[in-house]
Amino acid sequence: MAKERIINGVIYEFPDSMNEAQIRKFEMSKTGGSPPTPAPGSPRPASTGPRPAPLLDGFGGAALQGLTMGFSDEAIARMRSLGGKGTYEDYVKAEREGQRKYSEDSPIASTTAEMLGGVAPALLTGGAGAIPAVARTVGPKVAGYLAGKAPSVARMMGYGAASGATSAVGTSEKPLEELPMEALKGGASGAALTGTVGALGKYVAVPAFSKLKSAFGFGDSNKMADLVIAKALQKDGLTPDQALARMQAAARGEITLADLGENTAALLRKATAAPGAARREAKDVLATREMERIPRVSEDMRSLMSGSKDFYTDVQDLIKKRSEEANALYQSAWDSNARFSSKTAPDIERLRNLPSFKEAMKAGSKRMADAGLDITDPKNTLRGLHETKIALDDMISEAIRQGKGGQASVLMGMKERMLKDMEKAAPEYKTARLAYAGDSEMLTAMEEGRKIYQLPEMDMRKLIDRFKDSPSEFDAFRAGIAQSMLERLRVAGPSADPMKTVMGRDMEQKIRRAFRDDDAFDEFKRRLGEEQRMLITEKTGFRKTAQDTDLDTGASGVGAATRLVQGNPLGAAIEATQAAVPRLTGMGPQVAQPVQEKLLTPATGIDSVMDGILASLKTQEQMLMQASTGANVAAANMGGLAGQRGTTEQYPEDTLAPPAPGMPVPPPPQPSPGPGTPQ
């Protein structure tokens, strides 16, 4: 852009090639001034004394300027002026002119020297937090802010701004009152440059390099797997130690890192997106775990529903176990020689006259005869009453099957009255019955339990009151409930949500009553919740599609062709791209393999995996600290260069000399219309 000056009311335009000395000469010629006329060929007008030469110019002077962040010229001039042979102003001009000429003659060498010289102050500022002595002086929090554990764009801008402001003041030739503005400009320049470079590095260069490393397997694949898993855990709000504690506290030994959160499951999906060993192995692990879900829940019912160690979800196993253990107890009751009379057993005496009881007694006598026992022997009276009780159980079961609830209730009342007299006369019989009530009673209790999903809660409470004094019947009742729960699981299949399948709508309170106590039920619910979490991983952590076989075999045409036939060309293109170039949507096989192995390691073997992740994080932290220090040092250096103010010509009067022979003379400026210009 042309330079403009108003001389005697006329605006003159001067070309950019003309310096201020030439412009002043022209101005004086128009205003009648008499500038000094230099001798032909003289570089400058005659002076009263010799002009001082720079003390340190060239490469060393430029390096010193970088080392002092632009204050070396003032420092040298002040030191030289103390000798009394010259003024501070003359020495400052000499140093600056020497720096200017070296910069013009050797711009690359000059810039290199200043950068090398600027390393030391950059280290003292950008690397301050990493220097133990400084860290101890300013405190760990401030030192952490200065250096940090990872490169930060904001921190780099801060270092660049501080260094740029200092450098601007150091290199400025403006008077003292203008230095604050110079500092602001230098700080802005330093912050802008370092912020731009830092952002490009953090958000473009580093992610691109990391992507290339992951895609093509550069570097330590095992360590890269550790770091991406740690990052996924962090997104799920977990540290490695917290993840380990959660897995160790899980009731399910099959639970894995992939089950801990959405991001770890998403990472598994990414690792298994491409065809190959990682996908095949993960699919096998998840399929096996899924098929074992129902047996695991069944075992939970065995261990948590009943207070008896002999509880079985299969009622036939329960009956057999109970019967075998009760045989000796019943024999002890038969040998007790219990006696019954109208005084010791008044209810039995009255029951003998009732038609249904007579029918039961007749069936009991037949059972005695079939067993070769003499019903008329007083020693066998208790046994005969026991056989009558079994006959009543059969009659009750039949009435229930036929839907005759009223008749069943009458028969149950008879049985309870009879048992009360029997147990009073023979306490050994009561002990035996608590261990084993009998096949029919236990089967009846089991059938009642199987109705859990249709049974109103009030009826459920009545049944519990009915069975609470007979552990064997209560276990059979629970076994029926367990069988009904398992049946629902089997019908739904292992891929169904076990929590919704078992609990269902408004079922929690009823099922809670079937457990021996609230703690046992809460533990069972917790285990179902873990199964639910594992199921989510199996569904969302692994990509199952209609083209699943296509992915497993590594082919690229089946999925795309299917999409194309469906009239979805865009989907076909995506399928083909994903199958042919899986690295674009997943990760390289060298990293995917250890990622899926670590993510699917069960809790029983997770300790070694977590130790490896912690070790990799420690190494990564050290590398990040080094990178942070390096970024801060670079920012301080770049900020200093960005904030520098260029040295102007210190002796403009030299340009008043006429040009050497043969040199072109600048064209005279042409006036342009302006205030006072004649028209």
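**Notes on the predicted model: buried ion pairs, helix H10 and a few surface details**

1. Arginine 293 and glutamate 531 are both buried. The two side chains form a salt bridge, with 2.9 Å between the closest N and O atoms. This pair links distant parts of the chain. Arginine 293 belongs to helix H14 (residues 293–304), glutamate 531 to helix H26, and 238 residues separate them in sequence. Please keep in mind that this is a predicted model.

2. Helix H26 takes part in another such pair. Arginine 289 and glutamate 538 meet through their side chains in a salt bridge, at 3.0 Å from N to O. Arginine 289 sits in helix H13 (residues 277–291) and glutamate 538 in helix H26 (residues 518–540), so the salt bridge ties together parts that are 249 residues apart in sequence. Are these two residues buried or exposed? Arginine 289 is buried, because its relative accessible area is 6%, under the 20% cut-off. Glutamate 538 is buried too, with a value of 1%.

3. A third salt bridge is local. Arginine 401 and glutamate 398 pair through their side chains at 3.0 Å, N to O. Both lie in helix H18 (residues 381–401), three residues apart, so about one helical turn separates them. In an α-helix, residues three or four places apart point the same way, because there are 3.6 residues a turn. Arginine 401 counts as exposed, at 63% relative accessibility. Glutamate 398 is partly exposed, at 34%. The search of the whole structure finds 37 salt bridges.

4. Now the overall picture. The protein chain holds 31 helices and three strands. It has 679 residues, and 43% of them count as buried. Take the contacts with a separation of 6 or more: 73% of them join residues 24 or more positions apart. The chain exposes about 35000 Å², and carbon and sulfur atoms supply 58% of that area.

5. Helix H10 deserves a look. It covers residues 221–235, 15 residues in total. From first C-alpha to last it reaches 21 Å, close to the 21 Å expected at 1.5 Å a residue. What caps its N-terminal end? Aspartate 220 does: one of its side-chain oxygens lies 3.1 Å from the backbone nitrogen of asparagine 222. After the helix comes glycine 237, with a positive phi near 80°.

6. Which residues of H10 are buried? The list includes nonpolar residues such as Met224, Ala225, Ile229 and Leu233. Lys223 and Asp226 are also on it.

7. Helix H30 (residues 589–599) meets H10 through valine 595. Valine 595 is buried, with a relative accessible area of 0%. Beyond its neighbours within four places in sequence, valine 595 is in contact with Ala225, Val228, Ile229, Leu267, Ala271 and Met587. Among these, Ala225 and Ile229 are buried residues of H10. Valine 595 and alanine 225 are 370 residues apart in sequence, yet their C-alpha atoms are 5.0 Å apart in space.

8. Helix H31 (residues 606–643) reaches H10 through serine 616. Not counting residues up to four places away, serine 616 touches Lys223, Asp226 and Leu227. Its side chain makes a polar contact with the side chain of aspartate 226, at 2.7 Å. Serine 616 counts as buried, at 9% relative accessibility. Aspartate 226 is buried as well.

9. On the surface, Leu55, Leu56 and Met79 form a nonpolar patch. Together they have about 280 Å² of accessible area. Leucine 56 lies in the loop between helix H1 (20–31) and helix H2 (58–67). Leucine 56 is partly exposed, at 32% relative accessible area.

10. One backbone detail to check on screen. Asparagine 337 has a positive phi, about 55°, although it is not a glycine. Where is asparagine 337 found? It sits in the loop between helix H15 (315–334) and helix H16 (346–351). Asparagine 337 is partly exposed, with a relative accessible area of 35%.

Methods. Residues are numbered from 1 along each chain as its sequence is written. This is a predicted model: local features need pLDDT of at least 70, side-chain atom pairs count only at pLDDT 80 or more; totals for chains, interfaces and linings use all residues. Side-chain values use heavy atoms; hydrogens and water are left out. Helices (H or I, at least four residues) and strands (E, at least two) are DSSP runs, numbered from the N terminus. The expected span of a helix is 1.5 Å times one less than its number of residues. Buried means under 20% relative accessible area, exposed over 50%, partly exposed in between (1.4 Å probe, protein chains only). A polar contact is a pair of N or O atoms within 3.5 Å; within protein, one must be able to donate a hydrogen and the other to accept it, and residues adjacent in sequence count only if both atoms are side-chain atoms. Patches are made of residues with over 30% relative accessible area and no salt bridge: like charges are joined within 9 Å, nonpolar side chains (Val, Leu, Ile, Met, Phe, Trp, Tyr) within 5 Å. Accessible areas come from the Shrake-Rupley method with a 1.4 Å probe; for residues, only the protein chains shown count as cover. A salt bridge is a side-chain nitrogen of Lys or Arg within 4 Å of a carboxyl oxygen of Asp or Glu. Contact means heavy atoms within 4.5 Å.
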